[in-house]
Amino acid sequence: MIVTTPTTPFAGQKPGTSGLRKKVRVFQQANYAENFIQSVFDSAGPASGATATGATLVVGGDGRYHNRAVIQQVIRMAAANGYGRVLVGQGGILSTPAASQVIRKYGASGGLILSASHNPGGPDEDFGIKYNTANGGPAPEAVTEAIYARTGTIDRWLAVDTPDIDLDTIGTAEVAGMSVEVIDPVADYAALMEELFDFPAIRKAVHEGFTMAFDAMHAVTGPYAHEILEKRLGFAAGSVHNGTPLEDFGGHHPDPNLVHARVLYDLMMLPEAPALGAASDGDGDRNLIIGKGCFVTPSDSLAMLAANAHLAPGYARGLAGIARSMPTSAAADRVAEALGIPLFETPTGWKFFGSLLDVGRATICGEESAGTGSDHVREKDGLWAVLLWLNILAVRRISVSELAREHWARFGRNYYARHDYEALDTASAEAVIAGVTAALPGLPGQSFAGLTIATADSFSYTDPVDGSTSANQGLRVLFVGGSRIVLRLSGTGTEGATLRLYLERYEAVGGRLDAQTPDMLAELIAAAEAIAGIARLTGRAAPDVVT
Ligand code: VG1
Ligand code: CO
């Protein structure tokens with residue numbers, strides 16, 4: 001037992017949307033990581049899923065700097081806290097979706113996933129810990145609140161005194177009576193993908209010239225992509241780029257967007273581009289999809305995947321429902337309508353999809369931030385989305401741009417962009433939100449840049465399954481005709497505050513379906529500035545990242 005006191009500045013971040021994210025140096029402070037891990041064990045630990053042989057804990061991460069050190073500490077603490085078994089990915093590696101699957105498959109009471117997702121890695125960069133519950137999904141708000149409350153009162157953490165275990169060799173070791181199994185991080189996941197998708201059809205298409213490029217961004221998906229894309233599906237060796245996980249992701253941000261995956265984007269705009277370009281983030285839960293000469297927005301990708309999912313064996317029976325986060329465009333709504341199935345609009349963060357997935361009300365879910373997934377696990381899943389695209393393209397034998405054009409001709413097109421203002425000082429970011437919040441009641445009926453506001457509110461969500469309510473989940477301003485702006489503060493940034501402005505314009509069938517997004521959004525951007533005054537209040541003339 002080690003005596004401790006609550007760590008400050010813990011209050012700096014609630015373990016919200018995606019657990020606790022801080023600089024590595026913060027995590028390296030005495031008692032810091034331990035206090036968080038012990039708080040998890042005290043509020044949601046082994047007692048919550050114990051079997052005769054003791055509860056199982058899954059642990060693994062995206063391979064970033066500090067991953068191995070924290071895993072060793074988790075093992076020592078799990079043994080002292082009464083777990084019966086720890087499952088850990090070889091080399092400390094487990095992608096977020098693979099961890100979700102392992103938790104479910106082996107009946108674990110939960111898992112610790114060590115990642116700061118798309119944020120950079122290295123001694124001076126970011127680290128993170130999130131806790132997933134027995135359903136394989138991110139801890140729901142009641143659990144994260146309990147963990148957070150415990151961090152404020154914690155006075156001791158428990159660990160056994162043992163040397164590090166060998167994380168690189170598959171096999172079982174014993175730590176103070178608890179068994180530690182080092183497992184192949186890829187095998188179970190790859191087997192599940194073979195069940196869901198038509199691998200023979202993809203292999204046949206590859207044989208006949210179907211090509212792709214996958215950028216693993218030196219992050220966790222490298223080993224998964226090598227095994228599945230190159231080995232099992234037969235894409236040429238070298239189709240996977242940056243496939244070796246590095247502690248600092250090669251000095252880049254493992255964020256699969258048009259800024260950080262620029263090399264892939266440029267490749268896909270060349271005449272000799274492969275048929276599909278894709279990338280995934282640090283922990284493997286996000287995806288970027290680019291066809292030859294044709295970027296697909298994540299919101300459109302969700303809609304296009306939902307409209308064609310029945311072509312994959314795992315979804316041949318059809319979809320029970322589609323769920324999207326509120327800032328995600330309404331493209332998927334039109335698909336749900338055409339399929340005659342429900343569409344759920346949830347707050348940002350995958351945990352809100354969990355209850356719908358658990359009771360079978362939604363089959364496919366997605367977020368505008370490049371997260372897409374289904375009921376096969378309880379996390380978004382980057383490679384799953386890539387494989388569903390491959391399956392659809394291999395069966396239909398059309399290009400991504402043909403599929404997109406066909407989709408818009410049938411459903412209309414939602415032009416969409418997200419503007420991120422990063423590392424703002426917290427006060428000015430909060431001033432923007434406060435200003436718009438105060439203005440909300442008076443906005444309907446007013447016009448800006450030629451656009452008239454229909455409704456304006458702060459999004460509040462009541463979970464249709466468990467009845468829990470989450471308020472203040474983003475400000476939305478809806479214009480006459482279906483265009484929309486949404487504003488919210490990020491819950492995952494690690495420096496200052498990040499403000500996100502989401503812009504969406506709908507063009508119905510027969511309208512301008514082949515225009516350039518910036519042209520289509522110009523008035524909306526002007527209206528957003530008039531309403532929110534971002535430039536005026538933050539001093540930023542332009543966003544840092546446009547996706
Ligand atoms: C961001 C995204 C959100 C996503 C979350 C976790 O949150 O916008 O859609 O669920 O990251 O994704 P925020 O609060 O910064 O907007 V990941 O890939 O970090 O697990
Ligand atoms: Co991620």
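Buried here means under 20% relative accessible area. The model shown in these views is predicted.

**Figure 1. Helix H8 and its buried residues.**
Helix H8 spans residues 221-232. Its buried residues are Thr-221, Gly-222, Tyr-224, Ala-225, Glu-227, Ile-228, Leu-229 and Glu-230. Two glutamates, Glu-227 and Glu-230, are on that list. Just after H8, Gly-234 adopts a positive phi of about 85 degrees.

**Figure 2. His-218, in the loop that leads to H8.**
The loop runs between strand E10 (212-215) and H8, and His-218 sits in it. Phi of His-218 is positive, about 55 degrees, although the residue is not a glycine. With a relative accessible area of 18%, His-218 falls under the 20% cut-off and so counts as buried.

**Figure 3. Tyr-224 within H8.**
Tyr-224 belongs to helix H8. Its relative accessibility is 0%, so Tyr-224 counts as buried. Neighbours within four places in sequence are set aside for the contacts that follow. Tyr-224 touches Ile-93, Leu-94, Ser-95 and Ala-98. It also contacts Pro-185, Val-186 and Tyr-189. Leu-229 and Leu-383 complete the set. Gly-277 is 53 residues from Tyr-224 along the chain, and the two C-alpha atoms are separated by 16 Å.

**Figure 4. The cobalt site (ligand 2).**
Four residues of the protein supply donors to the cobalt ion: Ser-117 (OG), Asp-281 (OD), Asp-283 (OD) and Asp-285 (OD). These donors lie 2.0 to 2.1 Å from the ion. Along the sequence the donor residues follow the spacing S-x163-D-x1-D-x1-D. Ser-117 lies in the loop between strand E5 (110-114) and strand E6 (126-133), while Asp-283 lies in the loop between strand E12 (276-280) and strand E13 (287-291), so the pair ties together parts that are 166 residues apart in sequence. Ser-117 has 3% relative accessibility and counts as buried. Asp-283 has 1% and is buried too.

**Figure 5. Arg-324 in strand E15.**
Strand E15 covers residues 322-325 and includes Arg-324. This arginine is buried, because its relative accessible area is 4%. Its contacts, leaving aside neighbours within four places in sequence, include Leu-302, Ser-329, Ala-330 and Asp-333. Leu-343, Phe-344, Glu-345 and Thr-346 are also among them. So are Phe-353, Gly-366 and Arg-484. Arg-418 is 94 residues away along the chain, with its C-alpha atom 16 Å from that of Arg-324.

**Figure 6. Helix H12, a mostly covered helix.**
H12 is made of residues 351-358, and seven of its eight residues are buried. They are Lys-351, Phe-352, Phe-353, Gly-354, Ser-355, Leu-356 and Leu-357. Phe-353 is also a contact of Arg-324. Just after the helix, Gly-360 has a positive phi of about 75 degrees.

**Figure 7. Ala-423 in strand E19.**
Ala-423 is part of strand E19, residues 413-424. Its phi is near 50 degrees, a positive value in a residue other than glycine. Ala-423 is partly exposed, with a relative accessible area of 41%.

**Figure 8. Ser-43 in helix H2.**
Helix H2 (residues 32-44) holds Ser-43. This serine is partly exposed, with a relative accessible area of 30%. Apart from neighbours within four places in sequence, Ser-43 is in contact with Ala-146, Ile-147 and Arg-150. The C-alpha atoms of Ser-43 and Ala-55 are separated by 14 Å, with the two positions 12 residues apart along the chain counted as their separation.

**Figure 9. The whole protein, for orientation.**
The protein contains 17 helices and 27 strands. Its C-alpha atoms fill a box of roughly 70 × 60 × 40 Å along the principal axes. The radius of gyration is 23 Å, which agrees with the value near 24 Å for a compact globule of 547 residues. Of these residues, 59% count as buried. Among contacts with a separation of 6 or more, 72% join residues 24 or more positions apart. The accessible surface is about 19,400 Å², and carbon and sulfur atoms account for 53% of it. There are 42 positive and 59 negative side chains, and the centres of the two sets lie 3 Å apart.

Notes: Residues are numbered from 1 along each chain as its sequence is written. Chains are lettered from A and ligands numbered from 1 in the order in which they are written. This is a predicted model: local features need pLDDT of at least 70, side-chain atom pairs count only at pLDDT 80 or more; totals for chains, interfaces and linings use all residues. Side-chain values use heavy atoms; hydrogens and water are left out. Buried means under 20% relative accessible area, exposed over 50%, partly exposed in between (1.4 Å probe, protein chains only). Helices (H or I, at least four residues) and strands (E, at least two) are DSSP runs, numbered from the N terminus. Donors are N, O and S atoms within 2.8 Å of the metal (3.2 Å for Na, K and Ca); water is not among the atoms, so sites may look incomplete. The radius of gyration is taken over C-alpha atoms; the globule rule is 2.2 Å times the number of residues to the power 0.38. Contact means heavy atoms within 4.5 Å. Accessible areas come from the Shrake-Rupley method with a 1.4 Å probe; for residues, only the protein chains shown count as cover. Lys and Arg count as positive and Asp and Glu as negative; His and the chain ends are not counted. The place of a charge is taken as NZ of Lys, CZ of Arg, CG of Asp or CD of Glu.
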